[in-house]
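Got your viewer open and a selection box ready? Let's walk through this structure together, one selection at a time.

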Amino acid sequence: MGTIAEGVKQAIDNCLKIHKGENVVIITDKESLVIGNALKKKTETITGNIQFFVMEDFGTRPINFQKEMDDALKTADVSIYAAQGAEGELQTFRMAMIKTIDENPKLRHAHMIGITPEIMEDGMCSDYVEIQRISKLVYEKVKNARQIRVVTEKGSDFTGQFSPDIKWVVSDGEITADNWKNLPDGEVFTAPESVNGTIIIDGCLGDFFTEKYGSVEKTPVKIEVKDGRAIKESITCDNKKLLDEFVKYLFEIDENSNRIGEFAIGTNTGLTKLIYNLLQDEKFPGIHVAFGNPYPTKTGAKWESKAHVDGVLIKPSIYVDGEQIMNKGEFCL
């Protein structure tokens, strides 16, 4: 464990590499203001061209993406989103923000949805040289894969099929203008062509679920998937409220919200335990899958969705075209 200041330095100096004179936009919220202010203070030691936004200044959450933020991001060199998720804001705020980010060809963006002091002191203080080494090894194993099977002791057993036309993306903390990153970082991901089998999410869920429910280890979500889509009648969970909200999310947002859009392998070997916050836990060595948006600007997938909800699996075994690369959460590269 490090300190918030060390995590901030890692983000500003090593991941974003902010330079003197660059225009920087920081978007935060009241719950994350300690971190937002620390990022601002560190950035001010490098450049004075900073626009700083607190989301609650624009109304009660959830809010819509604001014109002031849109205008600022269109001309910025660097941007940071360090805030908590609110139900509905993926659609009303974050997707619109990412669209603007993707349209600015010079912008380097760090996305820190659900950031906490604990994550700044833990995942943001990992050894990113080692993360980059592991990520490269994983990428070399999966980049030409046709099938990847995932098995867990809890009962997950599913296989993803992959197309050579859809890219695997290395997300290892090195942020460039053509590849914004989540921080903390450490994953290799793609959009699968199809997925079939049983998925049991027993770590945590993404979007607003991570703040609302935390760990789902005692109330795992079981999903049968056929041809890449969740089967509604198959979904079970002992937490009735969570089950109802999850099913509604998958089947009422749009026609692709029940389709698996992301298949990812966590590569942050500096992490020693799950903390049941998706921003960090999806980087923990293992597997997470997401229903909804396949990040088409990154992967090259030809479809879209307004949804994106990740699910983290605990201690998976992973087989790439028959070759085992992970055994119960431990890499065997």
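Start by selecting Lys 328, which is partly exposed, with a relative accessible area of 44%. You will find Lys 328 in the loop between β17 (323-327) and β18. Check its backbone: Lys 328 is not a glycine, yet its phi is positive, at about 50 degrees. Keep in mind throughout that this is a predicted model.

**A second lysine with positive phi**

Now go to Lys 315, in the loop between β15 and β16 (317-320). Its phi, near 50 degrees, is again a positive value in a residue other than glycine. Is Lys 315 buried or exposed? With 57% relative accessibility, Lys 315 counts as exposed, because the cut-off for that class is over 50%.

**The second largest pocket**

Keep Lys 315 selected and add Phe 284, Pro 285, Gly 329 and Glu 330: of the 22 residues lining the second largest pocket, these five are the closest to its centre. The space in this pocket comes to about 330 Å³. Colour β14 (286-292), β15 and β18 (330-331) next, since each supplies at least two residues of the lining. Which of the elements gives the most to this lining? That is β14, with three residues. If you colour the lining by class, you will get eleven nonpolar, five polar and six charged residues.

**The largest pocket**

Next, select Met 95, Ile 98, Trp 180, Asn 293 and Tyr 295, which lie nearest the centre of the largest pocket among its 36 lining residues. The elements that give two or more residues to this lining are α4 (89-103), β4 (108-113), β8 (181-182), β9 (187-190), α7 (209-213), α9 (278-281), α10 (296-299) and β15 (308-313). Show α4 in its own colour, as its seven residues are the most that any element gives here. The volume of the largest pocket is about 770 Å³. What does its lining look like by class? There are 14 charged residues, twelve polar and ten nonpolar.

**From Ile 98 to Lys 17**

Leave Ile 98 highlighted and add Lys 17, in the loop between α1 (4-15) and β1. Draw a distance between their C-alpha atoms: they are 20 Å apart in space and 81 residues apart in sequence. Lys 17 is partly exposed, at 40% relative accessible area. Beyond residues up to four places away in sequence, Lys 17 touches Ala 11, Ile 12, Glu 22, Arg 108 and Glu 174.

**A buried aspartate and two cis bonds**

Now select Asp 29, in the loop between β1 and α2 (33-44). Why does Asp 29 count as buried? Its relative accessible area is 1%, and buried means under 20%, so Asp 29 falls in that class. Leaving out residues up to four places away in sequence, its contacts are Val 54, Met 55, Glu 56, Arg 61, Ala 82, Ala 83 and Gln 84.

From Arg 61, step along to Pro 62: the peptide bond between them is cis, with omega near 0 degrees. Pro 62 is in the loop between β2 and α3. For another cis bond, jump to the one from Leu 183 to Pro 184, where omega is also near 0 degrees. Pro 184 has its place in the loop between β8 and β9.

**Helix α3 and its cover**

Select α3 (residues 67-75) and pick out Met 69, Asp 70, Ala 72 and Leu 73, which are buried. Why do they share one side of the helix? They cover an arc of only 165 degrees around the axis, so they sit on the same side of α3. As background, an α-helix has 3.6 residues a turn, so residues three or four places apart point the same way. Among the elements covering the buried residues of α3 are β1 (24-28), β2 (50-54), β3 (78-83) and α4.

**The cores**

For the last stop, select Ile 27, Leu 39, Ile 80, Phe 93 and Met 112, the residues with the most contacts inside the largest nonpolar core, which has 46 residues. Centre on Ile 27 and show its contacts beyond four places in sequence: Phe 53, Met 55, Met 69, Leu 73, Ile 80, Tyr 81, Ala 82, Phe 93 and Met 97. A second, separate core has 44 residues, including Leu 90, Phe 162, Val 225 and Ala 230.

Notes:
Residues are numbered from 1 along each chain as its sequence is written. This is a predicted model: local features need pLDDT of at least 70, side-chain atom pairs count only at pLDDT 80 or more; totals for chains, interfaces and linings use all residues. Side-chain values use heavy atoms; hydrogens and water are left out. A nonpolar core is a set of buried Ala, Val, Leu, Ile, Met, Phe, Trp, Tyr and Cys residues joined through side-chain atoms within 4.5 Å. Buried means under 20% relative accessible area, exposed over 50%, partly exposed in between (1.4 Å probe, protein chains only). Contact means heavy atoms within 4.5 Å. On a 1 Å grid over the protein atoms alone, a cavity is a set of points where a 1.4 Å probe fits but cannot get out, and a pocket is an open set with protein on both sides within 12 Å along at least five of seven lines; lining residues have an atom within 4 Å of a point. Grid points are joined across faces, edges and corners, and a volume is the space filled by probe spheres set on the points. Helices (H or I, at least four residues) and strands (E, at least two) are DSSP runs, numbered from the N terminus. Ala, Val, Leu, Ile, Met, Phe, Trp, Tyr, Cys and Pro count as nonpolar, Asp, Glu, Lys and Arg as charged, and the others, Gly among them, as polar. The arc is that of the directions from the helix axis to the C-beta atoms.
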